[in-house]
Amino acid sequence: MSLEKVKSFFEKHGIADRIIEFSVSSATVALAAEAIGCEPMRIAKTLAFNVDGECVLIVASGDAKVDNGKFKAFFKTKAKMYPFLEVAEICGHAAGGVCPFAVNEGVKIYLDQTLKRFETVFPAAGSSNSVIELSLEELEKYADYIEWIDVCKIAE
């Protein structure tokens, strides 16, 4: 189970006790924000894209949308998200629980600039009813990310 992989990952770092599990769904930005009691923009959503046959995860703020022009300029291809039912097999976490921790080998992770507005954010923790609150420094430490990028825009 994906949540168990993430718990095991964070146990190695001594912070598994910071994972919050809900009795309700946190599978969308709105549901996660409601369950936590925070602004939707502080949810660190993780989006899975197929970039030339490779899985690329982009972690962005809850109020951000991928800017197709920026995406194409950076990745040299059109933004193409994986179908809902394929996400778990490809990245290691099912849609609604995708996070940048304990992912399948070969998955590439990028952090979007939209997150830099916050001291702490809430990424999922591998299931559709879990999150973990992390500072940006902790997110950088625990997500095996390649770099910070600018491929999103704040939704209006």
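**Note on the predicted model**

1. In strand 9, Trp-148 is the bridge partner of Leu-111. That pair belongs to the contact of strand 5 with strand 9, which is parallel and extends over 4 bridges. The coordinates come from a predicted model, and the remarks below should be read with that in mind.

2. Overall make-up. The protein chain contains 5 helices and 10 strands. Its C-alpha atoms occupy a box of roughly 40 × 35 × 30 Å along the principal axes. The radius of gyration is 14 Å, which agrees with the value near 15 Å that a compact globule of 156 residues would have. Of the contacts with a separation of 6 or more, 65% are between residues 24 or more positions apart.

3. Burial and surface. Of the 156 residues, 49% count as buried. The chain exposes about 7,800 Å², and carbon and sulfur atoms supply 51% of that area.

4. The sheet. Six strands form an open sheet with mixed pairing, in the order 8-6-2-3-5-9. Strand 8 (134–135) and strand 9 (145–149) are the edge strands, each pairing on one side only. Starting from the strand 8 edge, strand 6 and strand 8 are antiparallel and share 2 bridges, with Thr-120 opposite Ser-135 of strand 8. Strand 2 and strand 6 run parallel, joined by 2 bridges; here Ala-44 has Pro-123 of strand 6 as its bridge partner.

5. The middle of the strand order. Strand 2 and strand 3 run antiparallel and are joined by 8 bridges. Leu-47 stands opposite Ile-58 of strand 3 in this pairing. The two strands form a hairpin with 2 residues between them, where Asp-52 takes a positive phi near 50 degrees. On to strand 5, the partnership with strand 3 is parallel, with 4 bridges, and Val-56 stands opposite Lys-108.

6. Strand 3 itself. Is this strand enclosed or open to the outside? Strand 3 is largely enclosed by the rest of the structure, because 7 of its 8 residues are buried. Within its range of 54–61 sits Leu-57, which touches residues from several parts of the chain: beyond four places in sequence, its contacts include Thr-46, Leu-47, Ala-48, Cys-91, Val-98, Val-107, Ile-109 and Tyr-110.

7. The largest nonpolar core. This core has 33 residues, and Phe-10, Leu-57, Phe-101, Leu-115 and Leu-139 touch the most other members. Helix 1 (2–12), strand 2 (43–51), strand 3 (54–61), helix 4 (87–91), strand 5 (108–112) and helix 5 (136–142) each supply at least two residues. The most comes from helix 1, which gives 4 residues.

8. A separate core. Apart from the largest core lies another, of 15 residues, including Val-51, Ala-79, Ile-149 and Cys-152. Val-51 is a residue of strand 2. With a relative accessibility of 7%, Val-51 counts as buried, since the limit for that class is under 20%. Leaving aside residues up to four places away, Val-51 touches Val-56, Phe-71, Phe-75 and Thr-77. Val-51 and Ala-79 are 28 residues apart along the chain, with 7.6 Å between their C-alpha atoms.

9. Helix 2. Which strands does helix 2 lie across? Helix 2 (residues 29–36) lies across strand 2 and strand 6 (120–123), and runs at about 155 degrees to strand 2.

10. Positive phi in loops. Two loop residues may be checked by eye. Lys-76 is placed in the loop between helix 3 (68–75) and helix 4. Its phi is near 65 degrees, positive in a residue other than glycine, and Lys-76 counts as exposed at 66% relative accessibility. Ala-102 is in the loop between helix 4 and strand 5. Ala-102 also has a positive phi, of about 55 degrees, and is not a glycine. At 22% relative accessibility, Ala-102 counts as partly exposed, because the buried class ends under 20% and the exposed class begins over 50%.

Notes. Residues are numbered from 1 along each chain as its sequence is written. This is a predicted model: local features need pLDDT of at least 70, side-chain atom pairs count only at pLDDT 80 or more; totals for chains, interfaces and linings use all residues. Side-chain values use heavy atoms; hydrogens and water are left out. A nonpolar core is a set of buried Ala, Val, Leu, Ile, Met, Phe, Trp, Tyr and Cys residues joined through side-chain atoms within 4.5 Å. Buried means under 20% relative accessible area, exposed over 50%, partly exposed in between (1.4 Å probe, protein chains only). Contact means heavy atoms within 4.5 Å. Two strands pair if DSSP finds at least two bridges between them. Axes are lines fitted to C-alpha atoms, for helices over the stretch in contact, and angles run from 0 to 180 degrees between N-to-C directions. The radius of gyration is taken over C-alpha atoms; the globule rule is 2.2 Å times the number of residues to the power 0.38. Accessible areas come from the Shrake-Rupley method with a 1.4 Å probe; for residues, only the protein chains shown count as cover.
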